[in-house]
Amino acid sequence: NNPEIASPARTQAILNRFHLSAKKSLGQNFLTDLNVLTKIVDAAHLTDTDNVIEIGPGIGGLTEFLARSSKRVLAFEIDQNLLPVLDETLSPYDNVEVINQDILQANLPAIIEEKFNNERPIKVVANLPYYITTPIILDLLKGNAEFDNITVMMQKEVAQRLEAKPGSKDYGSLSVIIQYLNDVKLAFEVSRKSFIPAPNVDSAIVTLERKETIENEVFDEKAFASFVRGCFAHRRKTLWNNLQGLFGKDAETKEKVQAVLDEFDIQPSIRPEKLTVDQYVDLTNKFHSIKL
Ligand code: SAM
């Protein structure tokens, strides 16, 4: 009867026995706090009918908790050196499959069809490699594989940006783009001391759940994202300045922009971080309809 893979003593013993040193370049920080693992599983609301996708199983610490609380787990690990480790640590669990692939290269809809027969629910749970947190999240959200929920650990500062509300210093283009389609919650924070090796930053668990209905829809999600990014290009400047950066400064353009802002009762002097997601949707659609 082994202790949990993620217990500090067993994690250290596994690393020693396989002569592994955590690769910084791959964001390898192994979670060794069993209490945090239990809370992650709770935050994901896992049940024994769930199909789970994990990104970066590492040596299997979180994977073990997922395997015990779900129907099956499909785990994407980029580091080939971890395969023999996972093979051994996860051998008691016949409901886990490890795929040696970069998650950013994976064709998730095809893999879900092949491995899960498109059976739902499908949830994503992961302690993300922090160097690619944002691309992974944007990738998961834009794909046509729709997940019932996503529960992921990331650097605390990124978590704060994802859930930030208008007017807060953390509110930016990422907040707007993600909150347009998803309900985002920072579930709880995790100290850097909960990992081997300890990272230089604290962490937080974020849950993302796709909204059931979108009342105010954009005509095109890509255009929305690039418009919002343009509005935040210089976040200390006014919205008016940023819109000039996007559309140009000639008199005719200025007049059109002014008319749109008037229509939505938005002050040109407002800062981009004060606008709500809804207002960004309105502006995206309106500027598109008048061909700016
Ligand atoms: N799940 C383990 C845990 O909680 O202790 C390890 C988490 S560690 C923060 C991130 C893991 O993601 C590492 O195992 C790393 O090798 C893996 N990884 C890094 N980049 C990846 C990528 N592009 N695709 C899949 N896995 C990746």
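What percentage of the 292 residues in the chain is made up of buried residues? In this predicted model, local features require pLDDT of at least 70 and side-chain atom pairs count only at pLDDT 80 or more, whereas totals for chains, interfaces and linings use all residues. Residues are numbered from 1 along each chain as its sequence is written. Buried residues account for 37% of the chain, where a residue is buried if 20 or more other C-beta atoms, placed from the backbone, lie within 10 Å of its own, exposed if 12 or fewer do, and partly exposed in between.

The secondary structure consists of twelve helices and nine strands; helices (H or I, at least four residues) and strands (E, at least two) are DSSP runs numbered from the N terminus. The C-alpha trace spans about 75 × 40 × 30 Å along its principal axes. Of the contacts between residues at least 6 apart in sequence, 67% join residues at least 24 apart, a contact being defined by C-beta atoms, placed from the backbone, that lie within 7 Å.

The ligand is surrounded by 22 residues, the closest being Gly56, Gly58, Ile78, Asn127 and Pro129; nearness requires a C-beta atom, placed from the backbone, within 6 Å of the molecule. The elements β1 and α3 each give two or more residues to this shell. By class, the shell holds twelve nonpolar, seven polar and three charged residues, with Ala, Val, Leu, Ile, Met, Phe, Trp, Tyr, Cys and Pro counted as nonpolar, Asp, Glu, Lys and Arg as charged, and the others, Gly among them, as polar.

The unreviewed UniProt entry carries a "binding site" annotation that covers Asn29, Leu31, Gly56, Glu77, Asp102 and Asn127; UniProt positions are given in the numbering used here, feature names are shortened, and annotations may be inferred rather than shown by experiment. Leu31 is found in strand β1 (residues 30–31) and counts as buried because it has 21 C-beta neighbours inside 10 Å. Gly56 is found in the loop between β2 (51–55) and α3 (61–69) and is likewise buried, with 22 other C-beta atoms within 10 Å. Leaving aside residues up to four places away in sequence, Gly56 touches Glu77, Ala126, Asn127, Leu128 and Pro129.

Two cis peptide bonds are noted here. The bond from Arg120 to Pro121 has omega near -5°, and Pro121 is found in the loop between α5 (108–116) and β5 (122–127). The bond joining Ile196 and Pro197 has omega of about -15°.

Note on methods. Contact = placed C-beta atoms within 7 Å.
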